[in-house]
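Here is a short walk through one structure. Start with the overall fold, then follow the charged side chains.

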Amino acid sequence: MNLDEQLQQMATSGNMVLVELANRSIALKTALAQGQCSADEYKSMLTDLVHEANIDQSIDDLQTRENTYTVLNGLLALASIAG
């Protein structure tokens with residue numbers, strides 16, 4: 001499953017934390033791809049989003065938490081490619 005598919009799965013999961021995180025991540029990814037923000041701005045906003053979501057306390061299921069971090073690390077890697 002690629003990064004976009006994983007984001008879509010999160011966005012339709014029914015878990016409000018994941019839905020919000022996915023939707024905002026998708027918006028940031030789109031902004032980066034369209035040149036509406038720099039790689040550094042993207043990385044900063046995504047990092048803020050991760051802290052705000054408080055994933056460790058908001059998501060009880062360990063596998064879901066690990067999958068979420070995998071997706072977020074993939075999104076952060078985009079900043080390196082775009083920058």
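Read from start to end, the protein chain runs α-α-α-α-α. That gives 5 helices and 0 strands. Keep in mind that this is a predicted model.

How compact is the protein chain? Its radius of gyration is 12 Å, close to the 12 Å that the globule rule gives for 83 residues, so the chain is as compact as a globular protein of that length. Along the principal axes, the C-alpha atoms fill a box of roughly 35 × 25 × 15 Å.

Now look at cover and contacts. Of the 83 residues, 33% count as buried. The accessible surface comes to about 5000 Å², and carbon and sulfur atoms hold 49% of it. Take the contacts with a separation of 6 or more: residues 24 or more positions apart account for 57% of them.

Turn to charge. The protein chain carries 4 positive and 11 negative charges. The mean positions of the two sets lie 3 Å apart. Side chains of opposite charge can pair when their charged atoms come close. How many salt bridges does a search of the whole structure find? The search finds 3.

Begin with lysine 29 and aspartate 4. Their side chains meet in a salt bridge at 2.8 Å, N to O. This pair links distant parts of the chain. Lysine 29 sits in helix 2 (residues 16–33), aspartate 4 in helix 1 (residues 3–11), and 25 residues separate them. Are the two partners buried or exposed? Lysine 29 has 22% relative accessibility, so it counts as partly exposed. Aspartate 4 also counts as partly exposed, because its value is 44%.

Next, stay in helix 2. Glutamate 20 and arginine 24 form a salt bridge there, at 3.8 Å from N to O. The two residues are separated by about one helical turn because they are 4 residues apart in helix 2. Glutamate 20 is partly exposed at 43% relative accessibility. Arginine 24 is partly exposed too, with a relative accessible area of 32%.

Arginine 24 has another partner. The side chain of glutamate 52 meets the side chain of arginine 24 in a salt bridge of 2.7 Å, N to O. Glutamate 52 lies in helix 3 (residues 39–53) and arginine 24 in helix 2, so this pair ties together parts 28 residues apart in sequence. Glutamate 52 counts as exposed, at 54% relative accessibility. Through shared partners, salt bridges join Glu20, Arg24 and Glu52 into one network.

Technical notes
Residues numbered from 1 in each chain as written. Predicted model: local features only at pLDDT ≥ 70, side-chain atom pairs only at ≥ 80, totals over all residues. Heavy atoms only, no water. Salt bridge = Lys/Arg side-chain N within 4 Å of Asp/Glu carboxyl O. Buried < 20%, exposed > 50% of the residue type's maximum accessible area, 1.4 Å probe, protein only. Rg over C-alpha atoms; globule rule 2.2 N^0.38 Å. Contact = heavy atoms within 4.5 Å. Areas by Shrake-Rupley, 256 points an atom, 1.4 Å probe, with all protein chains shown as cover. Lys, Arg positive; Asp, Glu negative; His and termini not counted. Charge placed at Lys NZ, Arg CZ, Asp CG, Glu CD.
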